[in-house]
Amino acid sequence: MDRADGLAHYRKRFVGAAGDVVYFDGNSLGRPPLAAIERVERFLRDDWGGRLIRGWDEAWMQLPYEIGDRIGRAVIDAKAGQTVIGDSTTVLLYKLARAAVDAQLARDPGRNEIVVDTDNFPTDRYVLDGIAKERGVRLRWIDVDTSGGVTPEQLANAVGPATALVVLSHVAYRSAYLADARELTRIAHDAGALILWDLCHSAGSVPVQADLWGFDLAVGCTYKYLNGGPGSPAFAYVRDDLQAAIRQPIQGWMGAADVFAMGPEYAPAPGIRRFVSGTPPIVGMLAMEETLAMIEEAGMRAIRAKSVALTSFAIAVADEWLAPLGVTLASPLDPEQRGSHVTLQHPAMREVTARLWQRDVIPDYRDPGGLRIGLSPLSTSFEEVHRGLAATRDTLKTVLLERAGLA
Ligand SMILES: *Cc1c(COP(=O)(O)O)cnc(C)c1O
């Protein structure tokens, strides 16, 4: 399978990929691209060290917008001027959700609900809970199965004339359930609501068509499948005809109409820049550019095809080796409904995960009993999946024997 894989050569372009570590966590923190080492070093020496503050006059000021447009083009199919690199996902989510809720309340005070699912990522739930308290609106929860995600029927039942905003993840962090983003967006719009998509687990692994699918707002991580490095800043998407109509709550100088006028009052910049607050974290943006170059070269369609092949292979091997030990699949079986990770469930998985880490096999553990295997299409090989699942099988067997008092 590796020999037949047209994207196999990308693996060599990541630090450490040739080593013995089995890395099943590229969906939490992607491997560093080799080229990023040189890029960051050159930046520190020549750009920061050489240009000093003059660097802001040139490239740096534009970088959040340039990279934003590049993510728009290569990753989420958004035309220029709608995507920007900003703060963390959490902070961007707050800014955009708050802006959307404020705009809806101003238009109609009866639009006082935010719809979100009970298994959305914790930060999303916490941020929305905070906004609800701040603005006196209510959260309407969609109760989802932890091995699935929000269906069109469930959303249709939850939205109505009171819905201000819907916030959903495109790929569920626990189950990898891939939501039908186009259909769910349509349902939200039919109810007069705005929708904010969290693309953290899809950006760089699953094609997104933000413009075509009619997204209003979106946020996404850059340190997962975009390999930007620990804490690299997130991106935000705001549909162009919505930009002037909403106002984000963290009014900083970098989002002001005239940054260096340093005037007495804040007036938001036109366009996407009004969603920026403070000085952009330039060093944190450099590594992801190397992944964006690879994505531009490979194309999201090929990346998605490899991702489907990897997750399907993992499921087939798990079926053969792990199902007889009592392991079940807590991710959708249908690849059309699955992102780029697979969650395998068994009550012993917490223990198994801890032992696997000790032998350099690095999956993630998520309750209840989920061994989460993230397969990053550009840096994961089929051989790596095979080796990691063999280690999982052996470790699980040992744990089960010990628990039965037989070892
Ligand atoms: C990883 C992840 C986040 C992380 O947010 P940070 O602010 O970067 O910590 C948010 N949402 C989802 C769905 C994620 O998977």
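**Ligand surroundings and aromatic pairs**

In this predicted model, a side-chain N or O atom of His201 lies 2.9 Å from an oxygen atom of the ligand. The protein covers 87% of the 390 Å² of accessible area that the ligand has on its own. Two further side chains approach nitrogen atoms of the ligand. For Asp198, the distance from a polar side-chain atom to a ligand nitrogen is 2.8 Å. For Asp124, an N or O atom of the side chain is 3.4 Å from a nitrogen atom of the ligand. Each of these pairs falls within the 3.5 Å limit for a polar contact.

The ligand takes up the space of the second largest pocket. Two elements, α3 (89-107) and α4 (122-135), each give two or more residues to the shell around the ligand. The surroundings comprise 13 residues. Thr90, Asp198, His201, Tyr223 and Lys224 come nearest among them. By class, the shell holds six polar, four nonpolar and three charged residues.

Aromatic rings were also examined. A pair of such rings is described by the distance of the centres and the angle of the planes. The count comes to seven aromatic pairs. One of them joins Phe121 and Tyr173. Their ring centres are 5.0 Å apart, and the planes meet at 80°. The arrangement is therefore edge-to-face, as the angle is over 60 degrees. This pair links distant parts of the chain, with the two positions 52 residues apart in numbering. Phe121 sits in the loop between β3 (113-117) and α4. Tyr173 belongs to the loop between β5 (163-169) and α6 (181-190).

Key
Residues are numbered from 1 along each chain as its sequence is written. This is a predicted model: local features need pLDDT of at least 70, side-chain atom pairs count only at pLDDT 80 or more; totals for chains, interfaces and linings use all residues. Side-chain values use heavy atoms; hydrogens and water are left out. A residue is near a molecule or strand if one of its heavy atoms lies within 4 Å of it. A polar contact is a pair of N or O atoms within 3.5 Å; within protein, one must be able to donate a hydrogen and the other to accept it, and residues adjacent in sequence count only if both atoms are side-chain atoms. Accessible areas come from the Shrake-Rupley method with a 1.4 Å probe; for residues, only the protein chains shown count as cover. On a 1 Å grid over the protein atoms alone, a cavity is a set of points where a 1.4 Å probe fits but cannot get out, and a pocket is an open set with protein on both sides within 12 Å along at least five of seven lines; lining residues have an atom within 4 Å of a point. A molecule sits in a cavity or pocket if more than half of its atoms lie within 2 Å of its grid points. Helices (H or I, at least four residues) and strands (E, at least two) are DSSP runs, numbered from the N terminus. Ala, Val, Leu, Ile, Met, Phe, Trp, Tyr, Cys and Pro count as nonpolar, Asp, Glu, Lys and Arg as charged, and the others, Gly among them, as polar. Rings of Phe, Tyr and Trp (its six-membered ring) pair if their centres lie within 6.5 Å; planes under 30 degrees apart count as stacked, over 60 as edge-to-face and the rest as tilted.
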